[in-house]
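Hi everyone, thanks for making time for this. Let me put the structure up, and then I'll walk you through it.

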Amino acid sequence: MLREETIEAMTSRERILTSLSHREPDQVPVDFASTAVTGIHVSVVATLRDYYGLEKRPVKVHEPYQMLGLVEDDLKTAMGIDTEGVFPRKTLFGFENRGWKPWRCQDGLEVLVPEDFRTTVDANGDILIYPEGDLSAPPSGKMPKGGFFFDTIVRQEPIDEERLNPEDNLEEFGPVTAEDLDYFRREVDSAAGKGRAVVANFGGTGFGDIALVPAPFLKYPKGIRDIAEWYISTRTRRDYIHAVFSKQCEYALANLARIFEVVGNKVDVVFLCGTDFGTQESSFCSRQTFDELWLPYYKRINDWIHANTTWKCFKHSCGSVERFTPSFIEAGFDILNPVQCSAAHMEPEHLKSSYGDRLSFWGGGVDTQRTLPFGTPAEVREQVLRRLEIFSKGGGFVFNSIHNIQAGTPVENVVAMLDAVRQFNGRRR
């Protein structure tokens, strides 16, 4: 049964902050598109704009790695979104979102991409993309023929154990630049003026994130850049990994202090890390390994944020991560995403009853592997209402799908999801 109660109306920002304080807001808050793991594929953004009768114009691909579409203010209003995202100045392929130009997706959809989004097509018909848009460098991403987003191309030199140097895995880290500080100041000021909760990704805090380890943004990355070799190293080269993480953490703490000086508490949530620890049925490492390799560095970052700011700390990890949840809490994370309820031991009732008083769940609203792309609108509605009933009790919940909404998802199902949220929230007024 949906509960009927009356709560005073809140702004979007108040709604998010109330929920993250583990109190029930007037409505369950909604996020889409504030991060690279809560976004919407550009093709679905285009169909949503058509469905809601918004101005016809090509959608901008603001996150080219996953081909996520920019959700502009008019669509945010139509969808009932309560968040505003702030992204790094450069994309995962190392170029800025500027100088927009037309580009045709493989399904024929015309979109806009940044000026340095430069591609070629290989003999197999796969689309290759280049770091910093430099066609003279080896390509760092590949969109398979008929595909919808890019996969990383691993560019790993042969490993020489005698010459391994942690500094090689640190070349992308360092002091934040004056240009980036000015960019973050402007972007946060703009986002804060829209009345929504500001969710910022400043970069540099993703310890061992496998999307970042291969460094698709660097032309000639050095160090351990093969994903399999990196995972092996977490077992066989732990001193090396500690050296990388320790120096990265020093840079991150100094950079966060400088960033805070220019953005202050206009930021409400900070996306810190997208490192995945779970698979569908198990995990990439033991909890003991997590506690040794990752927890100390996460804790240093989160402790600094909690001591010096009002920001809430956002941790993303796909898969079956229930075993790590106590460690996530010990590390100081306030938020867990994407809450992959389809994975082993990730039942919504268990997560909420066991950890809901100490951790906010950002996601878990609908299954994007099966229900949302392949179910009926009625099945989507039923699952969404059930998840809302479980996760919304006592606050500590921001509605989002489980990870990004993928290409090919029927617009009728996305609308059924949003309508179910409105129905649920309507019973609380």
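**Helix H5 and what surrounds it**

Let's begin at the N-terminal end of H5, which is capped by Asp 226: one of its side-chain oxygens sits 3.1 Å from the backbone nitrogen of Ala 228. Please keep in mind throughout that this is a predicted model.

Staying with H5, residues 227–236, which of its residues are buried? They are Trp 230, Ser 233 and Thr 234. Looking down the axis of H5, these buried residues fall within an arc of 105 degrees, so they line one face of the helix. As a reminder, an α-helix has 3.6 residues a turn, so residues three or four places apart point the same way. The buried residues of H5 pack against H6 and helix H7, residues 287–293. On the face turned away from that buried side, you'll find Arg 235 and Thr 236, both exposed.

H6 takes us to the largest nonpolar core, since we meet that helix again there. This core has 112 residues, and the members touching the most others are Phe 32, Phe 202, Phe 399 and Met 417. Helix H6, residues 238–263, gives the most to the core, with 10 residues. If you click on Phe 399 and ignore its neighbours within four places in sequence, its contacts include Val 28, Pro 29, Phe 32, Leu 388, Met 417 and Val 421. There is also a second, separate core of 11 residues, with Leu 20, Val 269, Ile 335 and Val 398 among them.

Now for the sheet. It is open, with 7 strands in the order S3-S10-S11-S12-S13-S14-S15, and the pairing is parallel. Its edge strands are S3 (83–86) and S15 (397–398), each pairing on one side only. Zooming in, S13 (residues 335–337) and S14 (residues 360–362) pair in the parallel sense over 2 bridges, and Leu 336 has Phe 361 in S14 as its bridge partner. Helix H1, residues 12–20, packs on this sheet, touching strands that include S3, S14 and S15, and its direction makes about 130 degrees with that of S14. Helix H8, residues 295–308, lies across S11 and S12 and runs at about 170 degrees to S11.

One last stop: the hairpin of S4 and S5. Strands S4 (residues 101–104) and S5 (residues 110–113) run antiparallel and are joined by 4 bridges. Trp 103 stands opposite Val 111 in S5. The hairpin has 5 residues between its strands, and Gly 108 takes a positive phi near 95 degrees.

That's my tour, thanks for listening!

Key: Residues numbered from 1 in each chain as written. Predicted model: local features only at pLDDT ≥ 70, side-chain atom pairs only at ≥ 80, totals over all residues. Heavy atoms only, no water. Core = buried A, V, L, I, M, F, W, Y, C linked by side-chain atoms within 4.5 Å. Buried < 20%, exposed > 50% of the residue type's maximum accessible area, 1.4 Å probe, protein only. Contact = heavy atoms within 4.5 Å. Arc of directions from axis to C-beta. Polar contact = N/O pair within 3.5 Å; in protein donor to acceptor, adjacent residues only side chain to side chain. Pairing = 2+ DSSP bridges. Axes fitted to C-alpha atoms, helices over the stretch in contact; angles between N-to-C directions.
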